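Hi everyone, thanks for coming. I'd like to walk you through a structure that is new to most of you, so let me put it on the screen and we can go through it piece by piece.

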Amino acid sequence: MNNFKKLLSLAAVLALLTGCFIPALAEEEYADVIRIADDNQASSYDLHKDTSVNARNMLRGTVMEQLVTLKADGSIGPELAESYEVNENNSAFTFHLRKGVRFHNGKEMTSADVVASLNRWIESFSTVRNMVGDARFEASDDYTVTLTLNNSAIMLLDMLAGAAQCAVIYPAESIAAVNAETGFIPADQLIGTGPYKFSEWAVDQYVKLERFDDYAPYGDPDAELDGLWGYKHAYTGTLMYYITKDADTRVNGLLAGDYDFAVKVTDANLDRIEADDQFTLYSQQTGMISLVWNKRSTDKYLRQAVQALANADDLNIVNYGVLYDNDPCFMEDGQLGWYTTAGSEYFCQNDPEKAKELLAQSSFDTSKPLRILYVNSGGAPAMVEILKQELETIGITSELIGQDRSTMTKTRTDDTAYDVFFTTFSSVPVPSLRSFLSADWAGWSEDEKLQEMMTAMTTAATKEEAFAQWEKIQEYCYADYCPVLMLGHFHQAAACTKKLTGYNVFLTTNFWNARLAK
Amino acid sequence: MGKYVIKRLAALIPTIFIVSVVVFLIVHLTPGDPAAMMLGEDATPADIAALHNRLGLDDPLIVQYVRWAGKCLTGDLGYSTAVAGQSVSGMIASHFLPTILLAVYSQLITVFLALPLGMIAARKRGSLTDSALSVFSMAGISLPSFMMGMGMVLLFAVSFRLMPATGYKNPFTDGIGPFFRYMTLPAVSLGFIHAAYMMRMTKASLLEVLSSDYIKMARAKGVKERKIVFKHAFRNSLLTVITVIGQGFISALAGAAVVERLFGIPGMGSLMVDSIDKRDYQVIQGITLMIAMLNVLINLLIDVIYGFADPRIRLK
């Protein structure tokens, strides 16, 4: 009997150990903080006003969510919406909201919050205003919102789901708290429905995001994320984004164990990380590299000549090392819904003879220099120097106008100051947001045919028709109009310790389901 | 002395006025557009024009200056355009602490390293020790602070993991231990070059004093060498050293930008560089005014210390 009691006691102790201690040990296998070295801070983190990559990569889907979001194949999935309906001619949109979704301030999300947020979103971006005209979101009941337009808006869902001009949902109180002078939502009112709360912003030091315990997830908890869509576990208690502006410092911090993840690893640092088997390195297409022509000072034959002449590898390698693709599409390769290689045969042909023939048809006066405007920091000066040498082979001299970024941003709005400027563009969810295709953006693509094609694309009846139209636009840009000298796409590399797992890479890196082994 | 200090403080007023006009004009006449920088790459001309109007950037320069100067007189330095909702005074306050702590720490390292070594070099002039110290000081002067910093990061942070490679801890909220852990590499990087310079100045100044007649007299009277150096010579060589410390402190404040960026310290240098990059007019103006005031005050402080070190200056 005594032995039996001893056995029972032992069994009880074992049960206790199994029931209490082992899960506890399992929980302790993961750190409660992930330290991310970010390259800059945003000006406000108010995603309706701040389109910076830093703001949207950190907050979209993490702190604030959208009615709909992007799946890996480019299709749209409901996020804060339970479901949505669009009429046949894409002019009436109805969104049925999920019930029981709470904001970080404890309030349940209703149609009043969605209407306030999305109408502010419309007011914030002229591209959206142009698309919807005077129409605004309206609440049908507490959990249904509608938008009825006078015209077809085939790209509206993509824009609502997209990552560039984030249509995130704030509580109506945050919208009401907008600072009248700055136009931004104050940092303490940056409230969303996401799995993490915007907890603290120490300017120039860090941003702290803390897990939101009342988060209402959607999707299958056992399934992987599909693009940006799916179940968010928020395993880690705190995400710390340290503002570390120097690229070498970010890598040093990672290698020294100060950080677990580092963004924007430069080509010069790749070898250092690859040499250490404790770290993982990866990269993804993040934006396009180009020279934007001033169409008011150049003719299409000159632009075609330079396109025929340019050698993309020679130009890109001096700036990006191995972190680029000679990919001709004006959209990124991850944007499957809009990816096309139409017109790619005209992409940087490296054909001086053809270039000379085209130049002969141009009205460009070769006794005068071609004025090339660029930012005189980073790799741009080396790129334009190579271009200058290439242009000399067909008899074009160049005047290189190097300026700091702020001055250059101003100069490029003066159509008498330059002939072409070097820049990069970050990802946009729909082609109509590519600013170099716009008639009123720097470079001025005022070509009537192009603008008619753009209108036909944005008002197409179906996505298939819009995509077909987009292919025609890209073909026309390469074969005839040449608004930009397209050089390819740059990659952004990121590195992390191999102890970090579960992060999701789609358009950027998301830490919703990331875990850091101790 | 009191009158002198008041007179020097009163001289601050025209200095600050001139600095404010000059910096305002330079900042506003430099090409670039804060509205365009705020709204980002894809902003349309209409959006930029609307923001211009809201920020008052379309008003004549004189109107903008009077509006800004008037607010400054009430202690309101305005708001940053690069970081929403942040007052300039708040940003200066939060960024000033790391910089001043870095400058003080680096100057302490400088003084504790340079004075004894300078004195040793002077006392052992021509010896192997003197030659070794000369090599040390030449290396210090020749080595840029960023290179020194990078070398130390690679050695102490990346290879041996003894110190953090980057970051900043506030000694008042995070504790003094973490502060020293994070700040030692940057302070040494910044202080080393000044230490080398100060060591040479200390040596030169001390040698000059040691060759003067009253020292020869002391030696002839049989005063011990240690007493001659520490009591009679060192104090008289202090004037040069104090000047170097003052200059070193100002250069540490001004030159901290590179070290701050290298070590991820959120200081004034870093803030200034970013503000210029983003054409954050109010912040640039606020920082420049503050640095001008600081320069005047530090120079005043040095003059006052001169008086304590050398009573003859006080009498004059």
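Let's start with a small detail, a hairpin in chain A. It is made of β8(A) and β9(A), with three residues between the strands, and D204(A) there takes a positive phi near 70°. The strands themselves cover residues 196-202 for β8 and 206-211 for β9, and they pair antiparallel over six bridges. If you want a pair to look for on the screen, find Y196(A), which stands opposite R211(A) in β9(A). And before I go further, please keep in mind that this is a predicted model.

There's another hairpin in chain A, formed by β4(A) and β5(A). This one has five residues between its strands, and in the turn N90(A) has a positive phi of about 55°. The two strands run antiparallel and are joined by five bridges. One pair to pick out there is S83(A) with its bridge partner H96(A) in β5(A).

Now, what is the strand order of the open sheet that β4 and β5 of chain A belong to? Going across, you read β4-β5-β7-β6, four strands with antiparallel pairing. The edges are β4, residues 81-86, and β6, residues 138-141, each of which pairs on one side only. On average, neighbouring strands in this sheet are turned by 25° against each other, ignoring direction.

In the middle of that order, β5(A) and β7(A) run antiparallel with five bridges between them. F95(A), for instance, has V145(A) in β7(A) as its bridge partner. On its way to the edge, β7(A), residues 144-148, pairs with β6(A) over three bridges, again antiparallel. There you can find E138(A) bridged to T146(A) in β7(A).

Let me stay on β5(A) for a second, since its side chains alternate. Which of its residues are buried? F93(A), F95(A) and L97(A) are, and they point to one face, while A92(A), T94(A) and H96(A) point to the other and are not buried. If you rotate the view, you'll also see helix α3 of chain A, residues 111-124, lying across β5, β6 and β7 of chain A. Its direction is at about 165° to β6(A).

OK, zooming out to the whole of chain A. The domain assignment splits this chain into domain 1, which is 34-271 plus 498-516, and domain 2, which is 285-490. Taken over C-alpha atoms, the centres of domain 1 and domain 2 of chain A are 30 Å apart. Where they meet, 20 residues of domain 1 of chain A are in contact with 22 residues of domain 2 of chain A. On the domain 1 side, α4 (126-132) and α5 (156-161) of chain A each supply at least two residues. The largest share of that side comes from α5(A), with three residues. By class, the domain 1 side has ten nonpolar, seven polar and three charged residues.

Next, chain B. How many helices and strands does chain B have? There are 14 helices and zero strands. Its C-alpha atoms fill a box of roughly 85 × 55 × 35 Å along the principal axes. Of its 316 residues, 37% are buried. And among contacts in chain B between residues at least 6 apart in sequence, 74% join residues at least 24 apart.

So how do the chains meet? 38 residues of chain A are in contact with 41 residues of chain B. On the chain A side, α7 (247-255) and α13 (405-411) each give at least two residues. Of these, α13(A) gives the most to that side, with six residues. The class breakdown for the chain A side is ten nonpolar, 19 polar and nine charged residues.

Last stop, the inside. The largest nonpolar core has 229 residues, and those with the most contacts inside it are L67(A), F261(A), A262(A), A305(A) and A495(A). Helix α9 of chain B, residues 176-210, gives the most to this core, with 16 residues. To look at one of these places yourself, go to A305(A): leaving out residues up to four places away in sequence, A305(A) touches A355(A), L358(A), L359(A), S362(A) and I394(A).

That's the tour, and I'm happy to take questions.

Definitions and conventions
Residues numbered from 1 in each chain as written. Chains lettered and ligands numbered in written order. Predicted model: local features only at pLDDT ≥ 70, side-chain atom pairs only at ≥ 80, totals over all residues. Domains from an automatic or database assignment. Contact = placed C-beta atoms within 7 Å. Nonpolar A, V, L, I, M, F, W, Y, C, P; charged D, E, K, R; others polar. Core = buried A, V, L, I, M, F, W, Y, C linked by C-beta atoms within 7 Å. Buried ≥ 20, exposed ≤ 12 C-beta atoms within 10 Å, placed from the backbone. Pairing = 2+ DSSP bridges. Axes fitted to C-alpha atoms, helices over the stretch in contact; angles between N-to-C directions.
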